[in-house]
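Ready to find your way around a new structure? Open it up and work through these exercises one at a time.

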Amino acid sequence: MKVVAFERSVQGTGASRRLRNSGKTPGIIYGGKDAATVIELDHNALFHALRKEAFHSSILDLEIGGKAQKVLLRDYQMHPFKPLVLHIDFQRVSATEKVHMRVPLHFIHADTSAAVKLQGAVISHISTELEISCLPADLPEFIEVDLSKIEVGHGIHAKDIALPKGVTLVLHIEQENPVLANARIPAVKSADTEAAPAAAAAPAAEAPKDKA
């Protein structure tokens, strides 16, 4: 994905406020051998880009003054209640250095699993992203989690999924092996089951006696 930015010469709270009022978003690029560069971006274009999943997990081509560089989105701040991007951070990447990224998970084939089709299980997504390590060229936009063989009462762990070529789990994820999804049978109470305790607790009604 391509991102167009412009260098900015002024910094500070007041300058950033004026920048936002003019429809721009302040940002910064850091990392690599070059010094950090303060930038500004068109707010509306940036706001719509942030709504795309790939913008968060892809290598971006950030262009400044006609020159492009490879970057990753590292952080951004939103206004507490307005649809306004306050600031954004990008990190330069090197083709020869591995990056650590959180990549979204796409769960597939849940509807074909025996747990769902035959046992009426409900699949719960415990995690929606996974932290990985890889070279920039190997960075996937997402990772698929195949749920076709999930069993009731069991979960799919991080080490159970097939990772793309060149991609590994970061060390702490490898050690913790967290659950990404599980299957369970929902608890359903029938009307008869709910009514039974109430009926047992109620005193038996006596039949009225005939008067002589």
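Below are three exercises, each with a worked solution.

This is a predicted model, where local features need pLDDT of at least 70, side-chain atom pairs count only at pLDDT 80 or more, and totals for chains, interfaces and linings use all residues. Residues are numbered from 1 along each chain as its sequence is written, and side-chain values use heavy atoms, with hydrogens and water left out.

**Exercise 1. Take stock of the chain: how many helices and strands does it have, and what percentage of its residues is buried?**

Step 1: Go through the secondary structure, and you get six helices and 13 strands. Here helices (H or I, at least four residues) and strands (E, at least two) are DSSP runs, numbered from the N terminus.

Step 2: Now for burial. Of the 212 residues in the chain, 33% are buried, meaning under 20% relative accessible area with a 1.4 Å probe, protein chains only.

Step 3: Turn to contacts, that is, heavy atoms within 4.5 Å. Take those between residues at least 6 apart in sequence: 66% of them join residues at least 24 apart.

**Exercise 2. Find the largest nonpolar core: which residues touch the most other members, and which element gives the most?**

Step 1: A nonpolar core is a set of buried Ala, Val, Leu, Ile, Met, Phe, Trp, Tyr and Cys residues joined through side-chain atoms within 4.5 Å. The largest one has 29 residues, and L130, I132, L139, V145 and L147 touch the most other members.

Step 2: Look for elements that give two or more residues to this core: they are β7 (99–108), β9 (129–134), β10 (143–146) and β13 (179–184). β7 gives the most, with five residues.

Step 3: Zoom in on L147. Leaving aside neighbours within four places in sequence, L147 is in contact with F107, I108, H109, A110, S113, I123, H125, I156 and A181.

Step 4: Apart from this core lies another, of 17 residues, including V3, I39, L50 and L62.

**Exercise 3. Trace the open sheet of three strands: in what order do they come, and which stand at the edges?**

Step 1: The order is β8-β13-β11, with antiparallel pairing. Two strands pair if DSSP finds at least two bridges between them.

Step 2: Check each pair. β8 and β13 have four bridges, with I123 opposite A183. β11 and β13 are joined by three; I156 stands opposite A181 and G155 opposite N182.

Step 3: β8 (122–125) and β11 (155–157) each have a single partner strand, so they stand at the edges, with one side of each left without a neighbour in the sheet.

Technical notes:
Buried < 20%, exposed > 50% of the residue type's maximum accessible area, 1.4 Å probe, protein only.
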